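Thanks for asking me to look this one over. Here are my notes as numbered points, to read alongside the model.

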Amino acid sequence: MYVKSLKLVNFRNYSSLRAELSPHLNVIVGENAQGKTNVLEAIFLCTFARSHRTSKDEQLIKYNTEGAYVGAEVVSAAGAALIEIKQRRGEKKRIYINSTELRRTGDLMGALNSVMFAPETLSIVKGAPQERRRFLDMALSQLYPAYFFRLQQYNAALRQRNALLKDEALRTDTAHLRMWEAQVASQGAEIISRRAEFMERFSHIAARLHLAISGGREFLRTEYAPSVEPSETLEDDFREYLARTAEDDMHRGYTSKGPHRDDIAVILDETDVRYFGSQGQQRTAALAMKLSEIPLVSDIRGEMPILLLDDVFSELDDARRTALISTMAKCQCIITCTSLDGLSPLGGIGGSDTRIFRCVDGTLELMENSGGRRSV
C-alpha cells in the first residue's frame, strides 16, 4: 500500500499543492514552520479522519479561507482509490472514497493504513494513561474497523450513565440506569476482549524489536492493565460490578471502572519506564512500540502500512537508526527533516525512485538530485 499522489487546497499553510510521491522513500526537507509536518498530517487525516495535532477541524483550514481539501490517491492490493476530505468553516467535515460520500467516519478505517513516529510519540510511554489508551484505540481501529464503531457505542452509553449519576433527580430511575449499564457492559466487554487479544500479540513483537534495538541489553514488557479483568463471563461480571458500585459512582459523579480507565504497563527489566525510565529508555521503548504496529498491520490487513516520520531521524542513535532503516525498507516512507546531513544511510532504500522535496512556506519543490519529475 502506498500514497501515489497528494493534493491539498487551503490546508494549513498550503494554498495549493499536488505532489507525486515515490512508493518507497520520500524526504521533505526544510526549516521549521514551513509546512513539512502538514504533509504528514494530511496523510494521517486520510487514515483516521482526524489530525494527530488538534481535535478542532477548523484549525486545518488556511487562515482567511472558507474551506480546506485533502485528496490522497492510494494504491493497494485492492486497486486504486481516491480518499477525499472536505472541511468548511462551521460545518462537519465530509469524507469521500472514489467520489462516494461516507455516511460514517468509521467507514474510512482500513482504507489507508499508516503508522506515525513523531517527537510527541514519546507520550505513549511517559504520558498519562489516556495517551496509551489512544494508542491502543487508534491501532485497533485501523486493524479492525468494527472496533471503532464499538468504541463509539461504548462512549455514548458511558456518557448516558455518567449523566444519570450526576443528576440527583434521575438517580432514583433504577430501570433507566440499569439499561445504560447493560450497554456499557456489553460494549465494554467487547473492547476489553479485543484489547487483551491485541496486547497478547503486540507484546511479543515489541519485546523482540526492543531487544534488537537495545542490543539485547534490556527486556521490554508491555502488559495490558485493564480496570476490569477479562474473563469468560466478562460482560455479566462487568454489569454486576456496575450495579454494585452505582451508589459510590453517584458520589464520584462518574463511572469508576471500564475501558475508559485502562492502561498499558511498560516495564524494562524491573523498572516501570513510564515513571522511572531515562529519556533514552523511554525513547527506545516508544520506538519499539510504534514499530510493532507495522508487522501487525501487515499480518492482519495483508499489506504494509505507510510509515510517517516527523523530524525524528536525527534524534536517534545508531542502534535506533538501524532498526528504523530496516523497517523503512519494507514500506512507503515519508520523512521530514531540517537538513539532509546524516541521512546518507537511507540512500539504498528507495534507489533511483527516492524523492527529495524542498519545503518553503507552504510549497514543495522536487530537488534536482531526486528521482521522478522535476517540479511539484
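1. A definition to start: a pocket here is an open set of grid points with protein on both sides within 12 Å along at least five of seven lines, and its lining residues have an atom within 4 Å of a point. Please keep in mind throughout that this is a predicted model. With that definition, helix H3 is the top contributor to the lining of the second largest pocket, giving 6 residues.

2. Staying with that second largest pocket, its volume is about 420 Å³. It is lined by 24 residues, and those closest to its centre are Phe44, His52, Arg134, Met138 and Lys290. Two or more lining residues come from each of helix H1 (36-48), strand E8 (114-117), helix H2 (123-126), H3 and H9. By class, the lining splits into 10 nonpolar, 7 polar and 7 charged residues.

3. Next, the largest pocket, with a volume of about 560 Å³. Which of its 18 lining residues are the closest to the centre? They are Arg50, Arg134, Asp137, Leu151 and Asn155. Helix H3 (129-143) and helix H4 (145-166) are the elements that give two or more residues to this lining, and H3 gives the most, with 6. The lining comprises 7 nonpolar, 6 polar and 5 charged residues. If you look at one residue here, try Arg134: it is listed among those closest to the centre of the largest pocket and also among those closest to the centre of the second largest pocket.

4. Now for enclosed space. How many cavities of 30 Å³ or more does the structure hold? There are 2. The largest has about 50 Å³ of space, and its lining consists of Phe11, Leu45, Asp57, Leu60, Ala68, Val70, Ile85, Gln87 and Lys93. Strand E4 (67-76) and strand E5 (79-88) each supply at least two of these residues. In terms of class, the lining has 6 nonpolar, 1 polar and 2 charged residues.

5. The second largest cavity has a volume of about 30 Å³. Around it sit Tyr144, Glu197, Phe198, Arg201, Leu296 and Ile300. Helix H5 (174-213) and helix H9 (279-301) are the elements that give two or more residues to this lining, with the largest share, 3 residues, coming from H5. Here the lining divides into 4 nonpolar, no polar and 2 charged residues.

6. On to the nonpolar packing. In soluble globular proteins, nonpolar side chains tend to be buried together. In this model, the largest nonpolar core has 66 residues, and the members that touch the most others are Phe198, Phe202, Leu307, Leu309, Leu324 and Met328. H5 provides the largest share of this core, 11 residues. A second, separate core has 43 residues, including Leu6, Leu8, Val39 and Met116. Phe198 is worth a look in the viewer, as one of the most connected core members and part of the lining of the second largest cavity.

7. Leu307 deserves its own point. Leaving aside neighbours within four places in sequence, Leu307 is in contact with Val115, Ile294, Leu324, Thr327, Met328, Cys331, Gln332, Cys333 and Ile334. Among these partners, Leu324 and Met328 are also on the list of core members that touch the most others.

8. What about disulfides, and how many are there? The count is 0. For Cys46, the nearest cysteine sulfur is that of Cys333, 18 Å away. Cys46 counts as buried because its relative accessibility is 0%, under the 20% limit. For Cys333, the nearest cysteine sulfur belongs to Cys331, at 6.4 Å, and Cys333 is in no disulfide. That separation is beyond the cut-off, because a disulfide needs the two sulfur atoms within 2.5 Å. Cys333 is also buried, with a relative accessible area of 0%.

9. A last residue to check: is Ser15 buried, exposed or partly exposed? At 40% relative accessibility, Ser15 is partly exposed. Ser15 lies in strand E2 (residues 14-20). Not counting residues up to four places away in sequence, Ser15 touches Leu8, Val9, Asn10 and Lys62. The C-alpha atoms of Ser15 and Ala68 are separated by 9.1 Å, with the two residues 53 apart along the chain. Ala68 has already come up, as part of the lining of the largest cavity.

Conventions: Residues numbered from 1 in each chain as written. Predicted model: local features only at pLDDT ≥ 70, side-chain atom pairs only at ≥ 80, totals over all residues. Heavy atoms only, no water. Buried < 20%, exposed > 50% of the residue type's maximum accessible area, 1.4 Å probe, protein only. 1 Å grid on protein atoms, 1.4 Å probe; cavity = no way out; pocket = protein on both sides within 12 Å on 5 of 7 lines; lining within 4 Å. Points joined across faces, edges and corners; volume = space filled by probe spheres on them. Helix = DSSP H or I, 4+ residues; strand = E, 2+ residues; numbered from the N terminus. Nonpolar A, V, L, I, M, F, W, Y, C, P; charged D, E, K, R; others polar. Contact = heavy atoms within 4.5 Å. Core = buried A, V, L, I, M, F, W, Y, C linked by side-chain atoms within 4.5 Å.
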